[in-house]
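User: Please take one part of this model and describe it closely, then follow the chain outward from there. Which residues and elements make up that part, and how do they sit in the rest of the fold?

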Amino acid sequence: MRSLQPGELLIEARASAISRGTETLVFRGEVPQSEWQRMRCPFQEGGFPAPVKYGYAVAGIVEAGPAEFCGRRVFCLHPHQDRFIVPEDAVVAIPDDVPDRRATLAANMETAINGLWDGVPGPGDRIAVVGAGVVGALVGALAARLPGAEVELIDIDPSRAALAPALGCGFAPPRQARGEADLVIHASGAPDGLATALAIAGFEATVLEMSWYGTRVVPLALGGAFHSRRLSLRSSQVGSVPAGRRKRWSRRRRLALALSLLRDPVFDLLLSGETDFSALPELMPYLAASPAGVLCHTVRYD
């Protein structure tokens with residue numbers, strides 16, 4: 001490894017998280033050519049479709065650098081790697097009461113925060129979240145903290161029903177989902193989930209699309225009641241802070257907020273598996289082919 005330059009830190013990774021949606025699309029080579037530049041992650045090596053070093057959720061400890069940084073636990077948007085060098089401003093301190101594995105949820109928590117900013121829910125709203133994966137669960141948990149809000153997680157996996165009450169949410173399979181929602185957030189990554197989201201939205205409600213489909217074409221039934229109910233369909237993506245906050249909220253401030261929200265131990269329920277770094281080449285094909293039941297799978301560095 002090269003020598004440190006002024007203003008740089010050497011990080012020893014403790015844990016990293018695999019972003020199931022985006023990273024499996026990258027692994028399968030499903031990033032559209034039009035998005036090759038926009039979908040680059042910080043410190044990525046290689047280019048799409050492959051070979052590429054990808055990932056953006058590492059919790060580690062500063063091994064070398066300026067004295068005020070050494071020994072501090074930090075989060076960094078960096079691909080899976082056991083030791084790496086980054087500029088000082090690429091890391092954010094992890095609160096003392098946030099364990100390393102839970103801290104790896106910070107990138108997904110940022111996405112959830114951005115989704116709520118884009119969806120603009122209010123107190124007392126009836127909010128439906130379609131897709132109870134990591135992002136959907138985080139969005140639901142944050143939305144449930146709004147005064148008087150009624151939040152329902154909707155998923156085809158019945159095992160997610162046990163997760164919902166711990167997050168302050170109700171639960172329903174798609175066919176039993178409550179209608180007339182004030183806001184519907186779609187995070188299932190499946191076209192059928194988006195169809196459910198449109199079906200349960202109330203009059204003049206917003207359907208917020210947080211899934212990213214890569215190269216897949218998603219059919220939408222925009223006939224029927226879509227126009228008569230005057231629905232709004234809009235996207236949310238974490239790459240940009242919403243316009244109304246952009247002048248005040250930097251990405252660094254947003255990431256610091258995400259880490260502070262992870263002080264709540266309830267989010268440990270989203271950590272569903274752990275694998276040694278050395279086994280990552282065998283793990284990725286499994287997650288890409290058989291993701292059922294997986295929430296946040298983390299990588300361990302010993």
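Analyst: Strands and helices here are DSSP runs numbered from the N terminus, a strand having at least two residues and a helix at least four. By that rule, the stretch holding Pro51 is a loop, between strands S2 and S3. The model is predicted, and the part taken up here is its second largest pocket.

That pocket has a volume of about 320 Å³. Its lining consists of Glu23, Val26, Phe27, Pro49, Ala50, Val52, Lys53, Tyr54, His80, Phe277, Leu280 and Met284. Nine of these residues are nonpolar, one is polar and two are charged. Glu and Lys count as charged, so the charged pair is Glu23 and Lys53.

Three elements each give at least two residues to the lining: helix H1 (20-27), strand S3 (52-53) and helix H8 (280-289). H1 has the largest share, with three residues. Glu23, Val26 and Phe27 are the lining residues that fall in the range of H1. Val52 and Lys53 come from S3, while Leu280 and Met284 come from H8.

Pro49 and Ala50, both in the lining, bring in the loop that leads up to S3. Pro49 is located between strand S2 (45-46) and S3, and the peptide bond that joins Phe48 to Pro49 is cis, with an omega near 5°. Ala50 is joined to Pro51 by a cis bond too, where omega is about -5°. Pro51 is in the loop between S2 and S3 as well.

On the H8 side, which residues of the helix are buried? They are Leu280, Leu283, Met284, Leu287 and Ala288. Viewed along the helix axis, these buried residues lie within an arc of 125°, so they line one face of H8. Leu280 and Met284 are thus on the buried list of the helix and also in the pocket lining. The face of H8 pointing away from the buried side has Pro281, Glu282 and Ala289, which are exposed.

Moving away from the pocket, strand S1 (residues 8-18) pairs with three strands. Nine of its 11 residues are buried, so S1 is largely enclosed by the rest of the structure. With S6 (residues 83-87), S1 runs antiparallel over five bridges, and Leu9 has Val86 as its partner there. Six bridges tie S1 to S4 (residues 58-64), again antiparallel, with Ile11 set against Val62. Strand S15 (residues 296-300) is also antiparallel to S1, through four bridges; in S15, His297 is the partner of Ile18.

Further along the chain, strand S12 (residues 201-209) is enclosed in a similar way: seven of its nine residues are buried, so the rest of the structure largely surrounds it. S12 runs parallel to S11 (residues 181-186), with five bridges between them, and Val184 is opposite Val207 of S12. S12 is also parallel to S13 (residues 232-235), through four bridges, where Leu208 is partnered by Arg234.

S11 and S12 belong, with helix H6 (residues 191-200), to a right-handed β-α-β unit. Thr196 is in H6. A relative accessible area of 16% puts Thr196 in the buried class. Between the C-alpha atoms of Thr196 and Val184 the distance is 9.6 Å, and the two residues are 12 apart in sequence.

Two residues other than glycine have a positive phi. Glu204, in S12, has a phi near 60°. Its relative accessibility is 43%, which classes Glu204 as partly exposed. Val120 has a phi near 50° and is situated in the loop between helix H3 (106-119) and strand S8 (126-130). With 61% relative accessible area, Val120 is exposed.

Conventions:
Residues are numbered from 1 along each chain as its sequence is written. This is a predicted model: local features need pLDDT of at least 70, side-chain atom pairs count only at pLDDT 80 or more; totals for chains, interfaces and linings use all residues. Side-chain values use heavy atoms; hydrogens and water are left out. On a 1 Å grid over the protein atoms alone, a cavity is a set of points where a 1.4 Å probe fits but cannot get out, and a pocket is an open set with protein on both sides within 12 Å along at least five of seven lines; lining residues have an atom within 4 Å of a point. Grid points are joined across faces, edges and corners, and a volume is the space filled by probe spheres set on the points. Buried means under 20% relative accessible area, exposed over 50%, partly exposed in between (1.4 Å probe, protein chains only). Two strands pair if DSSP finds at least two bridges between them. A crossover is right-handed if, with the strands pointing away from the viewer, the path from the first strand over the helix to the second runs clockwise. The arc is that of the directions from the helix axis to the C-beta atoms.
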